[in-house]
Structure formats: structure tokens, C-alpha cells
Amino acid sequence: MDNALIVVDLQNDFCPDGVLPVADGDKIVPIINNLIPLFEVVIYTRDWHPENHISFAASPQFTDKSWPVHCVANTHGADFHPDLFFNLNAVVIDKGTEPDIEAYSGFEGTNLAKNLHKLGINTVFITGLATDYCVKATALDAVKEGFKVYLVADAVKGVDNPPGTVANALTEMKQAGVIAINAAEVRQYV
Ligand code: VGL
Ligand code: ZN
């Protein structure tokens, strides 16, 4: 058991009915659900902000990383997409919980790296939302923490504002050593 699946921020607010929707963000849920049974360890990261989080703006610009009020802890918008599967070993990692600190990566300000290392995990497969923000930050930090990192390319979706941001994020991840594969290929690697 040296692999873990990481599901990044598959929360209502990032899905089409949410306040910060990622186009087709909900379409990856069935793809991720098919991957979950292949893993003993599944990590679900969650954007889990206080009401006064530093990233919230009355007139959010998006491109400057100011956002509408989203994923406030214990609200419907912060809940996981209702169709997402969980197994008994699900590990939930909350991030962005401090008012003054933004945290796109699931490794930032959390004990995720330590916990994965303790479990003997050396390889992570990354899925979820959004490719150009939290997925990218999580993948790059996973490399820095010494993990072999696969990005499941058809199990992520991005904001892409301005257009090209997703393509740039994919290039940046690749240059850092992240290996892009498709969901259908995952079973060859686990
Ligand atoms: C995210 C913007 C703000 C994400 C989180 O999950 O990618 N994006 N907060
Ligand atoms: Zn956020």
C-alpha cells in the first residue's frame, strides 16, 4: 500500500451551482468515484474558510486571486459534492482555515505530508478542482515533499480565467516532474 488518491476540493461551491463554479466541475465526480475503489487511502482536501477569509472580496477580480465568499466552513457551499463516494478510510484535510492565510495546497498548514509518509505512501494520484489553483498547488507541493506524483488529467477541471491558465498550469506541473495520465491508466500503476 504505497499509493494514495488525493481528491482536491470537490465541493459544491466549485461545481456549476456554486458561487465559484468551475465549468463541468461536477462531470469528474463519476470518474473519481471509479478510481476510489482502487485505493486503500483516499485523501479529500476541503477549502474550509472562516467568514472573514483574506481571499474574500466584495468585487472579486479572480485574476488577482480575490474571490467571492466561498467554502465557508459548515455551509452547504463547503460540503462535498453529494455524489462523491467515501470509503471507511477517508481522510479529510481542511485548508485555508485561518482568516489571514490563503492556502491552495492541501499540504500547506496541514499534517498531510507527515501522515502520508507515516503510512508508507510514496506515490500520490491527484484529481479534483481546480487545475490552475488548488490542484496545481497540491501537485507541486507533493513533488517538493518527495512523492511521485501522477495527475489524472481527465479527473481535474480548471477555472481558466484568463484563458490559458489551465494550459500553463499543466506545463508547470510537468516541468516539476508531475506525470499526467488518464483515469483509464490508473489501474496499471497501483
Ligand atoms: C480554489 C480559488 C479559491 C480551488 C480555492 O480549490 O482551486 N480556488 N479557493
Ligand atoms: Zn478558497
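# Close-up views of a predicted model

**View 1. The zinc ion and its protein donors.** The zinc ion (ligand 2) is held by the protein donors D47 (OD), H49 (NE2) and H70 (NE2), which lie 2.0 to 2.2 Å from it. What we have here is a predicted model, in which local features need pLDDT of at least 70 and side-chain atom pairs count only at pLDDT 80 or more, while totals for chains, interfaces and linings use all residues. Residues are numbered from 1 along each chain as its sequence is written, chains are lettered from A and ligands numbered from 1 in the order in which they are written, and side-chain values use heavy atoms, leaving out hydrogens and water. Donors are N, O and S atoms within 2.8 Å of the metal (3.2 Å for Na, K and Ca); water is not among the atoms, so sites may look incomplete. Read along the chain, the donors of the zinc ion (ligand 2) follow the spacing D-x1-H-x20-H. The arrangement counts as irregular because the 4 donor atoms around the zinc ion (ligand 2) subtend angles of 88 to 169°. For comparison, four donors are tetrahedral if all angles lie between 85 and 135 degrees; four are square planar and six octahedral if opposite donors are over 155 degrees apart and all others between 65 and 115; anything else is irregular.

**View 2. D47, H49 and their partner K95.** D47 has 3% relative accessibility, so it counts as buried, and H49, at 1%, is buried too. (Buried means under 20% relative accessible area, exposed over 50%, and partly exposed in between, using a 1.4 Å probe and protein chains only.) K95 sits in strand 3 (residues 91-95) and is also buried, with a relative accessible area of 1%. Strands (E, at least two residues) and helices (H or I, at least four) are DSSP runs, numbered from the N terminus. Look for the polar contact between the side chains of K95 and D47, at 3.0 Å. A polar contact is a pair of N or O atoms within 3.5 Å; within protein, one must be able to donate a hydrogen and the other to accept it, and residues adjacent in sequence count only if both atoms are side-chain atoms. Not counting residues up to four places away in sequence, K95 touches a whole list of residues, including D9, W48, H49, Y104 and C134. Contact here means heavy atoms within 4.5 Å.

**View 3. The surroundings of ligand 1.** Which residues surround ligand 1? They are D9, F14, D47, W67, H70, Y104, L129, A130, Y133 and C134, where a residue is near a molecule or strand if one of its heavy atoms lies within 4 Å of it. An oxygen atom of ligand 1 is 2.7 Å from an N or O atom in the side chain of D9. Backbone atoms join in as well: a polar one of A130 is 3.2 Å from an oxygen atom of ligand 1, and a backbone N or O atom of C134 is 3.1 Å from an oxygen atom of ligand 1.

**View 4. Unusual backbone at D9 and A130.** Most residues other than glycine have a negative phi, and most peptide bonds are trans. D9, in the loop between strand 1 and helix 1 (29-35), has a positive phi of about 50° although it is not a glycine. D9 is buried, with a relative accessible area of 0%. A130 is in the loop between strand 4 and helix 3, and the peptide bond from L129 to A130 is cis, with omega near -15°.

**View 5. Helix 3 under cover.** Helix 3 (residues 131-144) is mostly covered, with 12 of its 14 residues buried. Among the buried ones are Y133, C134, A137 and L140. The cover includes strand 1 (3-8), strand 3, strand 4 (123-129), strand 5 (148-157) and helix 4 (165-176). Just after helix 3, G146 takes a positive phi of about 95°.

**View 6. Cysteines without a disulfide.** How many disulfides does the structure hold? It holds 0, a disulfide being a pair of cysteine sulfur atoms within 2.5 Å. The sulfur of C15 is too far for a bond, because the closest cysteine sulfur, in C71, is 9.5 Å away. For C71, the closest cysteine sulfur is in C134, at 8.7 Å, again too far for a bond. C15 is buried at 5% relative accessibility, and C71 is buried at 0%.
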